Amino acid sequence: MFIKDLKNYKSQEVILRGWIYNFRSSGSIMFLQLRDGTGFVQGILEKETLKQVQGDNRGEEKWNEAQKIVLETSIELTGTVTEHPKHPGEFELQVKDFKIYQIPSEEYPISKKEHGPEFLLDNRHLWLRSSHQWAIQKVRDTLIRACYEWMHEHNFIKFDSPILTPAACEGTTTLFGVEYFDLGKAYLSQSGQLYLEAAIASLGRVFDFGPVFRAEKSKTRRHLTEFWMMDAEAAFVEHEENLKIQEELISFMVGKVLAENKVELEILERDLKPLENIKPPFYRITHSDAVKKLRELGSDIGEMDDLGADDETILTKQYDKPIFVEKYPAEVKAFYMKRDPQNPKYCLNADLLAPEGYGEIIGGSQREDDYETLVKRIKEHKLPMEAFEWYLDLRKFGSVPHSGFGFGLERIVAWVCGLQHIRETIPFPRMINRITP
Ligand code: 4AD
Ligand code: MG
């Protein structure tokens, strides 16, 4: 039996198992706040009830045992489900019996008082139990499920890209290297994209969803060294359609959270208005126009510069929906991006920026599909040609126009939950200065 199902068991006897996350006593009555992973409930334990149900002696003994309960005691409660007298629709448990699994012998280190972020991160293995962290992981779970659901509904097949790879996808300076037997250095994947490009000629539309690694020295609220990415790739999809897929997917994912995570969003005190607004079409602005706008807003960004984190924050505060910033200067983007035939200094790419100051959640582009051009790009970017031979093969045997994108799950969770820092969105964050617990 789980707390979330109590509403179906009014007036019936049930057994719940979980942890005491708060409690108080007043005379011969105790209020036990129980959490079981599915929700939270108040158990009411009365000395008189224990005596009535269990007899005077045993009831007294049980009551004395209950006085030993402290925070995070693991316990089984047996009792009758009643509706809260003042809050209809809310349920409580009138406890008749309990069985203690363990009473902590030390004081639980996380209390109701304010703790600093470093203390909480040091105690991440315990912090995960708090209602905020619980709510974040529930939202994360919904976003993952919604993503799989939408992708499968739209003919994308899950395809697992490797984690150990021989070369870079996004740029050589941000790779974690590992010794790989007699074969020399291997690298932890930054994105499964290149492998997905191989898969489209077999499966048409594919996606992967897994951990990726970036040895970026960025110490910002948006960067992790290990994070979860969903890469999607589709044959015969060009730039415009690529953006449509993204806005449909993101809108669906946010809609699912609004539908399924009311309790969680309330715990997180998330303002729902901006989320309710997330429906296609999203805004589109070219990089050139974004630069103009940013300069008006006081940024010193150059015409050919990538958008910095501050630029993204300023820009997205101007809009009430996500924004695609399209057609970046080719010189600041990856080698595989197809150039805009109308102005080859720019790419057929877009970053999707989340509103409310959140910034980039997706990077995507149409891919260069011409063999000779791609060879030229690999040379221009000074990448090792041998490592890309198999990738070039894809342009030799039935090359087609194709596009794809990748989202950072933690960035989306942070935005949807309304969190300041991305580190709370992943169970055990890895950052340049943190690898434990
Ligand atoms: O923009 P990025 O680097 O794009 C790629 O890796 C492409 N190969 C994806 C593709 O086309 N299949 O990364 C994609 C997304 C970013 O938009 C951002 O949301 C997230 O991954 N991201 C990070 N999230 C957390 N910490 C980091 N260090 C991140 N770097 C990128
Ligand atoms: Mg990017």
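This section describes the domain arrangement, salt bridges and selected packing environments of a predicted model.

The chain contains 437 residues, of which 49% are buried. Its secondary structure comprises 14 helices and 16 strands. The C-alpha trace extends over about 90 × 55 × 40 Å along its principal axes. Among contacts with a separation of 6 or more, 67% are between residues 24 or more positions apart.

The domain assignment divides the chain into domain 1, residues 3-102, and domain 2, residues 124-424. The centres of the two domains, taken over C-alpha atoms, are 47 Å apart. Contact between them involves six residues of domain 1 and four residues of domain 2. The area buried between domain 1 and domain 2 amounts to about 420 Å², and carbon and sulfur atoms contribute 59% of this area. On the side of domain 1, R35, G37 and F40 account for 73% of the area buried against domain 2, which is more than any other three residues supply.

The polar component of the boundary between domain 1 and domain 2 includes one salt bridge. A salt bridge is formed by R129 and E72, with 2.8 Å between the closest N and O atoms. Two residue pairs, with both residues at pLDDT 80 or more, are in polar contact between the domains. The residues on the side of domain 1 that touches domain 2 comprise one nonpolar, three polar and two charged.

I103 is located in the loop between β5 and α3, the latter spanning residues 117-122. With a relative accessibility of 28%, I103 is classed as partly exposed. Apart from its neighbours within four places in sequence, I103 makes contact with K68, V70 and T73. The C-alpha atom of I103 is separated by 52 Å from that of P280, a residue 177 positions away along the chain.

In total, 34 salt bridges are counted. One of them joins K96 to E13, with the closest N and O atoms 3.1 Å apart. K96 belongs to strand β5, residues 91-102, and E13 to strand β1, residues 13-26; the pair therefore ties together parts that are 83 residues apart in sequence. K96 is partly exposed, at 25% relative accessibility.

A salt bridge also links the side chains of E149 and K256, at an N to O distance of 3.3 Å. This pair connects distant parts of the chain, since E149 lies in helix α5 (residues 131-153) and K256, 107 residues apart from it, lies in helix α7 (residues 239-260). E149 is partly exposed at 37% relative accessibility, and K256 is likewise partly exposed, at 21%. Both residues belong to a network of salt bridges that links D141, R145, E149, K256 and E260.

Within helix α12, residues 371-380, E380 and R377 are three residues apart and are thus separated by about one helical turn. Residues three or four places apart in an α-helix point the same way, because the helix has 3.6 residues a turn. The side chains of E380 and R377 form a salt bridge, with a distance of 3.3 Å between the closest N and O atoms. The two partners fall into separate accessibility classes: E380 is partly exposed, with a relative accessible area of 41%, whereas R377 is buried, with a value of 7%.

Helix α7 also contains Q246. Q246 has a relative accessible area of 1% and is buried. When neighbours within four places in sequence are left aside, Q246 is in contact with F324, L352, I362 and F405.

A further packing environment is provided by helix α11, residues 309-316, in which the buried residues are D311, E312, T313, L315 and T316. These buried residues pack against helix α10 (287-296) and against strands β13 (323-326), β14 (349-354) and β15 (359-366).

How values were computed: Residues numbered from 1 in each chain as written. Chains lettered and ligands numbered in written order. Predicted model: local features only at pLDDT ≥ 70, side-chain atom pairs only at ≥ 80, totals over all residues. Heavy atoms only, no water. Domains from an automatic or database assignment. Contact = heavy atoms within 4.5 Å. Buried area = accessible area lost by both parts, 1.4 Å probe. Salt bridge = Lys/Arg side-chain N within 4 Å of Asp/Glu carboxyl O. Polar contact = N/O pair within 3.5 Å; in protein donor to acceptor, adjacent residues only side chain to side chain. Nonpolar A, V, L, I, M, F, W, Y, C, P; charged D, E, K, R; others polar. Helix = DSSP H or I, 4+ residues; strand = E, 2+ residues; numbered from the N terminus. Buried < 20%, exposed > 50% of the residue type's maximum accessible area, 1.4 Å probe, protein only.
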